[in-house]
Amino acid sequence: MFDKILIANRGEIALRIHRACKEMGIKTVAVHSTADADAMHVRLADEAVCIGPAPAKDSYLNQAAIISAALITGADAIHPGYGFLSENADFAEMVQTHGLTFIGPTPDMIRMMGDKISAKRAAIEAGLPVVPGTDGAIASLEEAKQYADHMGYPVVFKATAGGGGKGMRVVYSPDQLAEAFHLAQEEARVSFGNDQLYLEKYLQFPRHIEVQVLADKYGEVVCLGDRDCSLQRNHQKVIEETPSPALNQSQRKELLEKVRTAMERIHYTNLGTVEFLFEDGRFYFLEMNTRLQVEHPVTEAVCGIDLVREQIRLAAGERLGYRQRDIRFTGHAIECRINAENPETFMPSAGKVGCWHVPGGLSVRVDSALYSGYKIPPYYDSLIAKLIVTGRTRNSMLMRLHRALDEFVIEGIETTIPLHQKIIAHREFIDGQYDIHWLERTLPHLKQD
Ligand code: ADP
């Protein structure tokens, strides 16, 4: 087992990883930008190294500085968290080249899944159903037009190097095609330095359902249930829950079995998430995330497995030690992503946190790196807290979430707590009747209430 792990991240996830390390008796090294000198992950870690100025490209994305920090402090492994370098295959390789362990799958696997076209090809070969679309990058507008006419509208342009919903453009009719093509290309070039696009059929009312997987280096794979992440804004998740209210037991069983077999076939290792769209009783593979996800705590809540601990154990070469049939799922869990944003305009709201009071009580978990008096820097993601609540039934979980949101006090900055309160009071949400466009359709009405 590792003696010391460097955590190449910030915010709540850096703290989450630190906690798992401490419970395993592993020492931690925090890295931080100059803007994060007072951050909680820096305060709690055994050691901390400043790796550069505030902009992420000079600090949290500064590969050489991070590797140097690991070597200087004598760390044996690097945990990348999510975002930043977590899905950068070259970084994972560089970590290995320096004699350190990258806590994640192999660089080759990250590379294959990081390119959406090669990921889709791998999914097809592994027996997973995919969204109908081009089987490679599109060479020209003319080619896109032929595909779209053949598939039928609406269609969506997506960046092969995509992530975070960027470089996606939906096209409802042929006259919109040219403009969408150029805009998507431009956005992909700016965001990813790669303007390759592909085309997919655009599903109109799907749900986003994903499966959490764990796999050891000896061929044992388990699926830790599904998560429904259909509540989105701008293709970004807002609320996630497990189990999905949209699936019946036989659909769930079929999905988990398909994913488990696919992971065995591609020899996946460590932790990952396979994402699908689900419409009219059918699943369509979307992409695979080869890292820990923001919403991992809902899975932990229903199956009682510490996913970060498992990631570390598996990276150290340990065996999973249990099988699919040993996994027990209990109750329902939900997560609200609380952002430092105006709940109506979604304008970021950086600044100094005043009073900070987190909800507690049975089955309530708050993952956050905030504290009273902390100044939220304007340079990074606006996620400031995750509220995770569990209940024996979906209804009791929602009642508990309601009271937990009411107890939450964050003063000095604007947060999306009022938005969450409105969403969970909405009849359609309570009934579990929502697809990936529900929030955007419903937002104008939520504001008036
Ligand atoms: P990213 O990696 O940028 O997050 P994804 O491929 O995971 O991109 O898609 C993000 C979100 O966009 C999905 O959760 C879904 O809401 C929507 N989406 C993606 N592809 C389609 C599609 N073919 N039809 C309808 N919605 C889609």
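**Notebook: ligand shell, core and backbone checks**

I began with the secondary structure around the ligand, and noted that β6 (155–159), β8 (197–201), β12 (270–279) and β13 (282–289) each contribute at least two residues to the shell. I keep in mind throughout that this is a predicted model.

Entry 1, the ligand. I looked up which residues approach the ligand, and of the 21 around it, Lys116, Lys158, Gly165, His208 and Gln232 come nearest. Sorting the shell by class, I recorded eight nonpolar, six polar and seven charged residues. Domain 2 (132–201) and domain 3 (207–448) each give at least three residues to this shell.

Entry 2, polar contacts of the ligand. I found a side-chain N or O atom of lysine 158 at 2.8 Å from a nitrogen atom of the ligand, and a backbone N or O atom of lysine 201 at 2.9 Å from a ligand nitrogen. For histidine 235, I noted a side-chain N or O atom 3.1 Å from an oxygen atom of the ligand. On its own the ligand has 550 Å² of accessible area, and the protein covers 96% of that.

Entry 3, the largest nonpolar core. I listed 42 residues in this core, of which Leu231, Ile239, Leu387, Ile410, Ile423 and Phe429 touch the most other members. Among the elements that each supply at least two residues to this core are β11 (236–242), β19 (383–391), α12 (394–407) and α13 (417–425). Helix α12 gives the most, with five residues, and the core takes at least three residues from each of domain 1 (4–103) and domain 3 (207–448).

Entry 4, cis peptide bonds. I noted a cis bond between tyrosine 153 and proline 154, with omega about -5 degrees; proline 154 sits in the loop between α7 (141–151) and β6. I also noted that the bond from threonine 242 to proline 243 is cis, with omega near -10 degrees, and that proline 243 lies in the loop between β11 and α9.

Entry 5, positive phi angles. Asparagine 270, although not a glycine, has a positive phi of about 70 degrees; I located asparagine 270 in strand β12, and it counts as buried because its relative accessibility of 4% is under 20%. Serine 363 also has a positive phi, near 60 degrees, and I placed serine 363 in the loop between β16 (356–357) and β17, where it counts as partly exposed at 29% relative accessibility.

Entry 6, valine 259. I found valine 259 in helix α9 (residues 249–266), buried with a relative accessible area of 0%. Its C-alpha atom is 22 Å from that of glycine 162, a residue 97 positions away along the chain.

Notes: Residues are numbered from 1 along each chain as its sequence is written. This is a predicted model: local features need pLDDT of at least 70, side-chain atom pairs count only at pLDDT 80 or more; totals for chains, interfaces and linings use all residues. Side-chain values use heavy atoms; hydrogens and water are left out. A residue is near a molecule or strand if one of its heavy atoms lies within 4 Å of it. A polar contact is a pair of N or O atoms within 3.5 Å; within protein, one must be able to donate a hydrogen and the other to accept it, and residues adjacent in sequence count only if both atoms are side-chain atoms. Accessible areas come from the Shrake-Rupley method with a 1.4 Å probe; for residues, only the protein chains shown count as cover. Helices (H or I, at least four residues) and strands (E, at least two) are DSSP runs, numbered from the N terminus. Ala, Val, Leu, Ile, Met, Phe, Trp, Tyr, Cys and Pro count as nonpolar, Asp, Glu, Lys and Arg as charged, and the others, Gly among them, as polar. Domain bounds come from an automatic or database domain assignment. A nonpolar core is a set of buried Ala, Val, Leu, Ile, Met, Phe, Trp, Tyr and Cys residues joined through side-chain atoms within 4.5 Å. Buried means under 20% relative accessible area, exposed over 50%, partly exposed in between (1.4 Å probe, protein chains only).
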